[in-house]
Amino acid sequence: MHTDPAQIRAFFAARAADWETRYPDDAPAYRAGVAELGLREGQAVLDAGCGTGRALPFLRAAVGASGTVVGADLTPEMLAAAAGAGRREHGALLLADCARLPLRDDTLDAVFAAGLIGHLPDPRACLRELARVTRPGGGRLALFHPIGRAALAARQGRELTPDDLRAEPNLGPLLKSSGWTMTSYTDTDERFLAMASTKAQALSNMML
């Protein structure tokens, strides 16, 4: 795991130009992951850590022309690649740290986060921030990866360990302490998808 934003930017900056050619067959998995959010016409959704913006066309299709789609990423090179791929047609591209988003409280109906949580220096802070900007009492979060934990570990030449952040016994309590309630958990070779919803009160109010 990377330990600071500069490391994260450097890691992804070096890979931005050919990121999509590395994983050319992921689009169906992204489409299916977005569908799990159950978005409706006119809603507002954030792609947190959007990278090259592969989810943005599917998010736009889900919320329609009257909806709001924002893709936020920490790495300028990734956002440049997203713009070059025409993703501005589907949503606004925002250079931002997902732990410090320039968005108002309770702005969003849902957040889609593909591959994000494994690259966060402070996962709890980021999840709290995502809860802050999402409407309380039913706002939705999808933590997604186009392949599951075991398949990803094999691809990276490592073994899964009990302290893996995305393991269900670790992720559930992390979400709970960050303003979310995990509602479903899927981890197969075909995909990883943990769904959560915001609690009845905004996290900031709960902490007063």
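Which exposed residues does the face of α3 turned away from its buried side carry? In this predicted model, that face holds Pro-28 and Ala-35. The buried residues of the helix are Ala-29, Tyr-30, Gly-33 and Val-34. They span an arc of only 135° around the axis, which places them on the same side of α3. An α-helix has 3.6 residues a turn, so residues three or four places apart point the same way. The cover over the buried residues of α3 includes α4 (56-63), β4 and β5.

Tyr-30 also takes part in an aromatic pair. Its ring centre lies 6.2 Å from that of Phe-112, and the two planes meet at 55°, so the pair is tilted. Tyr-30 belongs to helix α3 (residues 27-35) and Phe-112 to strand β4 (residues 110-114), so the pair ties together parts that are 82 residues apart in sequence. Tyr-30 and Phe-112 are both buried. Together with Phe-144, these two residues form one aromatic cluster.

The model has four aromatic pairs. Another of them joins Tyr-185 and Phe-192. Here the ring centres are 5.5 Å apart and the planes stand at 90°, so the pair is edge-to-face. Phe-192 has a relative accessibility of 1% and therefore counts as buried, the cut-off being 20%. The ring of Phe-192 has a further partner in Arg-166. The charged end of Arg-166 sits over this ring, 4.4 Å from its centre.

Phe-192 is also one of the contacts of Ile-147. Ile-147 is found in the loop between β5 (140-145) and α7 (149-155). Its relative accessibility is 15%, so Ile-147 counts as buried. Beyond its neighbours within four places in sequence, Ile-147 contacts Leu-152 and Arg-155. The remaining contacts of Ile-147 are Thr-188, Asp-189, Glu-190, Arg-191 and Phe-192. Leu-174 is 27 residues from Ile-147 along the chain, and their C-alpha atoms are separated by 21 Å.

The nonpolar interior was examined next. The largest nonpolar core has 28 residues. Within this core, Leu-46, Leu-130, Leu-141 and Leu-143 touch the most other members. Two or more residues each come from the strands β1 (44-48), β2 (68-73), β4, β5 and β7 (192-198), and likewise from the helices α6 (123-132) and α8 (168-176). The largest share, four residues, is that of α6. A second, separate core holds 23 residues, among them Val-34, Ala-55, Ala-110 and Phe-144. Val-34 is one of the buried residues of α3. Phe-144 is a member of the aromatic cluster with Tyr-30 and Phe-112.

Leu-141 illustrates the contacts made in the largest core. Residues up to four places away in sequence aside, Leu-141 touches Leu-37, Val-111, Leu-127, Leu-130 and Leu-175, and also Trp-180, Ala-194, Met-195 and Ala-196. Two of these partners, Leu-127 and Leu-130, are buried residues of α6. The other buried residues of α6 are Pro-123, Cys-126, Glu-129 and Ala-131. Elements covering the buried residues of α6 include β1, β4, β5, α8, β6 (180-187) and β7.

Strands β1 and β2 run parallel and are joined by five bridges. Ala-44 stands opposite Thr-68 in β2. Five of the six residues of β2 are buried, leaving the strand mostly covered. In strand β1 lies Ala-48. With 0% relative accessibility, Ala-48 counts as buried. Its contacts, neighbours within four places in sequence aside, are Ala-72, Cys-98, Val-111, Phe-112, Ala-113, Ala-114, Leu-116 and Leu-130. Phe-112, in this list, is also the ring partner of Tyr-30. Ala-48 and Gly-115 are 67 residues apart in sequence, and their C-alpha atoms are 9.5 Å apart in space.

One backbone angle deserves mention. Most residues other than glycine have a negative phi. Asp-106 has a positive phi, near 55°. This residue is placed in the loop between β3 (92-95) and β4. With a relative accessible area of 37%, Asp-106 is partly exposed.

Notes. Residues are numbered from 1 along each chain as its sequence is written. This is a predicted model: local features need pLDDT of at least 70, side-chain atom pairs count only at pLDDT 80 or more; totals for chains, interfaces and linings use all residues. Side-chain values use heavy atoms; hydrogens and water are left out. Rings of Phe, Tyr and Trp (its six-membered ring) pair if their centres lie within 6.5 Å; planes under 30 degrees apart count as stacked, over 60 as edge-to-face and the rest as tilted. Buried means under 20% relative accessible area, exposed over 50%, partly exposed in between (1.4 Å probe, protein chains only). A charge sits over a ring if NZ of Lys or CZ of Arg is within 6 Å of the ring centre and within 35 degrees of the ring normal. Contact means heavy atoms within 4.5 Å. A nonpolar core is a set of buried Ala, Val, Leu, Ile, Met, Phe, Trp, Tyr and Cys residues joined through side-chain atoms within 4.5 Å. The arc is that of the directions from the helix axis to the C-beta atoms. Two strands pair if DSSP finds at least two bridges between them.
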